[in-house]
Amino acid sequence: MSVTVKNVFEKAPVEMRNVLANALVEMGANDSRIIAMDADTLGSSGLKPFKKAYPDRYIDCGIQEANMVGVAAGMSATGKVPFIHSFGPFVSRRVYDQVFLSCCYAKLNVKLIGSDPGVTAAYNGGTHMPFEDMGILRVIPEITLVEPSDPVQLASILPQIADNYGTTYIRLMRKNPISVYEEGSTFDIGKAALLRPGKDVTIIASGIMVSEALKAAADLAACGIDARVIDSFTWKPLDEACVAACAAETGAIVTCENHNVKGGLGSAVAEVVCKTTPVPMEFVGIQDVFGEVGTEAWLREHFNFNAATIAAAAKKAISRK
């Protein structure tokens, strides 16, 4: 793993779904086992380039996500590597039993892509705004859960996901996130990335919260607080060694997630902290409420997804040492 963080955080010039499609096209050229499946979301998923390149390896299953998961499991049983896409709630809570039994229990090799997690669902509102997808899937044995922060990180981990046998859920913003990493940065699934050293408190974030965590750390530095920042893009298997070391070395932890704090990244981190080095923790994320309709910018402010909230949580955690 080799990580370089950008000095200025701006919107990425490329959409995440375009990175996904280009990576699948490239991997598909070298591996005929890779197929792509959609639930009548070809335009939304960005997978048109894959369909154009490999029309016989693209399947539109229609708006029947549970059936799509079953078809993907069958494809995997014949040796294929299916990547299936729909919006986050529809490849998590709507298809939970199929993912549990047909994919994970059967020990098959299915890659689930749930797009527009949390507040990135914006105008699609509460019905399409998964704050619980990672939480409900996290309790399934042997599943891998990842949430890439930007196009560079996504491009680095997709070939690993294709190569690693097993069921994986990719929590993916479709459009342009804030660009966090310099080109050439590489990541290893299951290993958290240290983005900023620090000794007073650790901020553990993923997805759209990573850039906010870095901004918060810069603001804290101006107050004389030395905050460590970790990108825990793999929620399962969590990098428990990293979490335990952060707890021991900084003595306070703040988690930041575009997800319900109950059952999410904060809960996973707390499980490790409790059994290794108990320290004060604060949880920035959705405070056990449903989603709403609005622009992503409005929703971020409404749910306090900002550097100021993270910095305040860090100060509170430090005060509880």
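1. First, a term. A cavity here is a set of points, on a 1 Å grid over the protein atoms alone, where a 1.4 Å probe fits but cannot get out; lining residues have an atom within 4 Å of a point. Grid points are joined across faces, edges and corners, and a volume is the space filled by probe spheres set on the points.

2. Bear in mind that this is a predicted model: local features need pLDDT of at least 70, side-chain atom pairs count only at pLDDT 80 or more, and totals for chains, interfaces and linings use all residues. Numbering starts from 1 along each chain as its sequence is written, and side-chain values use heavy atoms, with hydrogens and water left out.

3. On to the holes. There are two cavities of 30 Å³ or more, and the largest has a volume of about 70 Å³. Its lining has 13 residues, with Glu-147, Pro-148, Met-173, Gly-207 and Ile-208 nearest the centre. By class, that lining splits into seven nonpolar, four polar and two charged (Ala, Val, Leu, Ile, Met, Phe, Trp, Tyr, Cys and Pro count as nonpolar, Asp, Glu, Lys and Arg as charged, and the others, Gly among them, as polar).

4. The second largest cavity holds about 30 Å³ of space. Residues lining this one include Ala-192, Ile-204, Ile-230 and Asp-239; by class the lining has six nonpolar, one polar and one charged.

5. Now the sheet. Seven strands make an open, mixed sheet, ordered β2-β1-β3-β4-β6-β5-β10. Strands (E, at least two residues) and helices (H or I, at least four) are DSSP runs numbered from the N terminus, and two strands pair if DSSP finds at least two bridges between them. At the edges sit β2 (58-60) and β10 (234-236), each paired on one side only.

6. β1 (residues 34-38) and β2 run parallel, joined by three bridges; in β2, Ile-59 is the bridge partner of Met-37. Helix α1 (residues 16-30) packs on the sheet and touches β1, β3 (81-87), β4 (111-115) and β6 (168-172), contact meaning heavy atoms within 4.5 Å.

7. Last, a helix pair. The axes of α4 (residues 65-77) and α5 (residues 96-105) come within 9 Å and cross at roughly 5°. Axes are lines fitted to C-alpha atoms, for helices over the stretch in contact, and angles run from 0 to 180 degrees between N-to-C directions. The two helices are therefore roughly parallel to each other (angles under 35 degrees count as that). Ala-66, Val-69 and Ala-73 in α4 meet Gln-98, Val-99, Ser-102 and Cys-103 in α5, a contact with five nonpolar, two polar and no charged residues.

Note on methods
Parallel < 35°, antiparallel > 145°, perpendicular 65-115°, else oblique. 1 Å grid on protein atoms, 1.4 Å probe; cavity = no way out; pocket = protein on both sides within 12 Å on 5 of 7 lines; lining within 4 Å.
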